[in-house]
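Let's talk through a structure together, asking at each step what justifies the words used for it. Have a look first, and then we can begin.

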Amino acid sequence: MAALVHRFESNALDVKLAFGEPRPNPEGHYLVPVRLSIPIGKLTLLPREEHEEGHLKMYVVAMDADGGSSEPRETPIRIDIPKAEVAR
């Protein structure tokens, strides 16, 4: 939230975001597809039998042209990577 208001940016995980085309929904809001990319070497993955697993939380806040903002929304993200792909 502070980065949104104060234009301060810290990105220790080297996360990259790509935004798709906004589309209106029936409630009059807009849905915006978001693609999150994180270098695998920056993650701590837990070994499982067939894959390695990680968990993240992404917080999303929207701001309008007048500086008003939405409440933060927490989105849990589970990462499952097959062992063969982790070894590459």
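The questions and answers below concern this predicted model.

Q: How many helices and strands does the secondary structure of the protein come to, and in what order do the elements run?
A: There are two helices and seven strands. Starting at the N terminus, the order is α-β-β-β-β-β-β-β-α.

Q: Why does E53 count as buried?
A: The relative accessibility of E53 is 8%, and buried means under 20%, so E53 meets the rule. For the wider picture, 9% of the 88 residues of the protein count as buried.

Q: What makes E53 and R78 a salt bridge?
A: Their closest N and O atoms are 2.9 Å apart. The cut-off is 4 Å between a side-chain nitrogen of Lys or Arg and a carboxyl oxygen of Asp or Glu, so the pair qualifies. This salt bridge links distant parts of the chain, with E53 in strand β6 (residues 51-60) and R78 in strand β7 (residues 73-82), 25 residues apart.

Q: How do you know that R48 forms a salt bridge with E53?
A: Here the closest N and O atoms are 3.7 Å apart. That lies within 4 Å, so the R48 and E53 pair counts as well.

Q: Which residues are linked with R78 in a network of salt bridges?
A: R48, E53 and D80 are linked with R78 in the network. R78 also forms a salt bridge with D80, where the closest N and O atoms are 3.1 Å apart. By this rule, the count of salt bridges comes to five.

Q: Why are R48 and D80 called partly exposed?
A: Partly exposed lies between the limits for buried, under 20%, and exposed, over 50%. R48 has 37% relative accessibility and D80 has a relative accessible area of 39%, so both belong in that class.

Q: What makes β5 and β6 a pair of strands?
A: Pairing needs at least two bridges. Strand β5 (residues 46-47) and β6 have two bridges in the antiparallel sense, so they satisfy the rule. In β6, E53 is the bridge partner of L46. The two strands form a hairpin with three residues between them.

Q: How do you know that β6 and β7 pair, and in which sense do they run?
A: They are joined by 10 bridges and run antiparallel. The requirement is at least two bridges, so β6 and β7 pair. I81 in β7 is the bridge partner of E52.

Q: Why is L36 called partly exposed, and where does L36 lie?
A: L36 has a relative accessible area of 31%, which is between 20% and 50%, so the label follows. L36 lies in strand β4 (residues 34-37). Leaving aside neighbours within four places in sequence, L36 is in contact with V15, K16, L17, M58 and I77. The C-alpha atoms of L36 and M58 are separated by 9.5 Å, and the two residues are 22 apart along the chain.

Q: Which residues form the nonpolar patch on the surface, and what makes V32 fit its accessibility rule?
A: The patch is formed by L17, F19, Y30, V32, V34 and L36, with about 580 Å² of accessible area together. Patch residues need over 30% relative accessible area; V32 has 38% relative accessibility, so V32 passes that limit. V32 lies in the loop between β3 (30-31) and β4, while β1 (16-19) and β4 each supply at least two residues of the patch.

Note on methods: Residues are numbered from 1 along each chain as its sequence is written. This is a predicted model: local features need pLDDT of at least 70, side-chain atom pairs count only at pLDDT 80 or more; totals for chains, interfaces and linings use all residues. Side-chain values use heavy atoms; hydrogens and water are left out. Helices (H or I, at least four residues) and strands (E, at least two) are DSSP runs, numbered from the N terminus. Buried means under 20% relative accessible area, exposed over 50%, partly exposed in between (1.4 Å probe, protein chains only). Contact means heavy atoms within 4.5 Å. Patches are made of residues with over 30% relative accessible area and no salt bridge: like charges are joined within 9 Å, nonpolar side chains (Val, Leu, Ile, Met, Phe, Trp, Tyr) within 5 Å. Accessible areas come from the Shrake-Rupley method with a 1.4 Å probe; for residues, only the protein chains shown count as cover.
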